[in-house]
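Here are my notes after a pass through this one. Have the structure open while you read.

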Amino acid sequence: MNTAPIAFLKGHGTQNDFVIVPDPDNALDLPADAVARLCDRRAGIGGDGLLHVVRSAAHPEAKAMAGDAEWFMDYRNSDGSIAEMCGNGVRVFAGYLVRAGLVEQGDLAIATRGGVKKAHIAKNGDVTVSMGRARLPEAQATVTVDGRSWPARNVNMGNPHAVAFVDDLDHAGDLRSVPPFSPAAVYPDGVNIEFVVDRGPRHVAMRVHERGSGETLSCGTGACAVAVAAARRDGADPAVTGSPVTYTVDLPGGTLVITEHPDGEIEMTGPATIVAEGVIDPSLLAR
C-alpha cells in the first residue's frame with residue numbers, strides 16, 4: 001500500500017463542489033468506495049464529485065483524445081460511480097490547471113468521457129466551456145413528486161437529463177432521493193432531473209437531482225439542458241432562426257449564462273473557484 005500522502009485540492013463552480021486529485025501519470029487506484037469516502041461530508045473531505053486530473057495519454061479511456069487534449073477529466077460522482085461529463089467540473093478542472101501552472105489563461109481543450117470540450121479561461125477567472133450539442137431523443141418520460149406529475153423534456157448533453165417545468169421549485173420536494181419517473185426504459189442508466197420555473201424573458205431558475213449525487217447546488221450540463229428545453233418550449237431554435245439564443249439560469253449556488261449557437265454548439269459561462277489544498281491520509285483510500 002502506498003503510504004505517502006496524496007495531494008488534493010477543493011474547488012467549486014457556483015457551489016457545485018469537488019475534490020480535486022492531481023495524478024498526471026494515472027498512478028493512483030481510486031475504486032468507487034474510496035471515492036465515496038473522499039466525497040463524504042462528515043468522514044471525508046466532502047464534495048458533489050471528484051475530479052481526477054490525468055494526462056490523456058496515461059488513461060486508457062482518453063488515449064484516443066490525447067492528440068486533441070493533453071488533460072483528461074476522469075470524473076466521478078460522489079457515490080463513486082463514473083459519469084460522462086460535468087459542466088461545472090470542467091470549469092473547476094480548467095481553473096485548477098491554470099492555478100497549477102500547467103496551462104495558461106486563454107483557450108484550452110479538455111478530454112472527458114463525453115468528448116473533448118473546449119474552454120476559455122478569462123482574466124477575471126470566469127470560464128466559458130463549449131459543451132457540445134444537445135441531442136433531443138424522441139422518447140419522453142413523466143416525473144412525479146408528491147402526487148403531482150409533469151412531462152419531462154428528454155435532453156442529452158453527453159449525459160441524460162429530464163427537464164420538468166413547474167409552477168414552484170418547492171414542488172420538487174426534498175430531492176434527497178431520485179424523483180420517480182416513468183417509463184423507466186427511457187433512462188435505463190438513470191438520469192439527472194431538473195425542475196424549472198420562469199423568472200423573466202429568457203431567464204429561468206432550477207433545482208436538480210444529479211444522478212449518483214442527490215440534490216446539488218449547481219449542475220452545468222443540467223443548466224444547458226434546461227436552456228435548450230426552455231428555448232424549444234418558447235419556440236426558439238437557433239438552427240432555424242440563424243441567431244444565437246442566450247438564457248440566464250439561476251441555480252441555488254449561483255448563476256450561469258448559457259448560449260446556444262446556430263450550429264448547435266452550446267457555451268456555458270460561470271465562475272471556477274479553488275478554496276483549499278492539502279494532503280489525503282492514504283489510509284482513507286485503502287480502508
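The points below take cysteines, cavities and salt bridges in turn.

1. Keep in mind that this is a predicted model. Everything that follows is computed from its atoms, with side-chain atom pairs counted only at pLDDT 80 or more.

2. How many disulfides are there? The count is zero. For C86, the nearest cysteine sulfur is that of C219, 6.5 Å away, and C86 is in no disulfide. C86 counts as buried because its relative accessibility is 4%, under the 20% cut-off.

3. C219 turns up again with C224: the closest cysteine sulfur to that of C224 is in C219, at 8.7 Å, so the two are too far apart for a bond. C224 is buried too, at 0% relative accessibility.

4. On to the cavities: two come out at 30 Å³ or more. The largest holds about 80 Å³ of space. Its lining includes both C86 and C219, along with Y75, N77, A83, M85, G87, N159, N192, E210, R211 and T221. By type, that lining splits into five nonpolar, five polar and two charged residues.

5. The second largest cavity has a volume of about 40 Å³. Lining it are A227, V228, A231, V245, Y247, I258, T259 and E260. Helix 3 (220-233), strand 15 (245-251) and strand 16 (254-260) are the elements that each give two or more residues to this lining. Here the split is six nonpolar, one polar and one charged.

6. Salt bridges next: the whole structure has 18 of them. One that deserves a look is D74 with R113, at 2.5 Å from N to O. This pair links distant parts of the chain, 39 residues apart, with D74 in strand 4 (residues 71-77) and R113 in the loop between strand 5 (106-112) and strand 6 (115-121). Is each partner buried or exposed? D74 is buried, with a relative accessible area of 0%, whereas R113 is partly exposed at 22%.

7. A separate network of salt bridges with shared partners joins K10, D17, R41 and D48. Within it, D17 pairs with K10, their closest N and O atoms being 3.3 Å apart. D17 is buried at 11%, and K10 counts as buried at 15%.

8. Last, a pair inside a helix: D33 and R37 meet in a salt bridge at 3.6 Å, N to O. They sit four residues apart in helix 1 (residues 32-39), so about one helical turn separates them. D33 is partly exposed at 42% relative accessibility, while R37 is buried at 18%.

Methods. Residues numbered from 1 in each chain as written. Predicted model: local features only at pLDDT ≥ 70, side-chain atom pairs only at ≥ 80, totals over all residues. Heavy atoms only, no water. Disulfide = S-S within 2.5 Å. Buried < 20%, exposed > 50% of the residue type's maximum accessible area, 1.4 Å probe, protein only. 1 Å grid on protein atoms, 1.4 Å probe; cavity = no way out; pocket = protein on both sides within 12 Å on 5 of 7 lines; lining within 4 Å. Points joined across faces, edges and corners; volume = space filled by probe spheres on them. Nonpolar A, V, L, I, M, F, W, Y, C, P; charged D, E, K, R; others polar. Salt bridge = Lys/Arg side-chain N within 4 Å of Asp/Glu carboxyl O.
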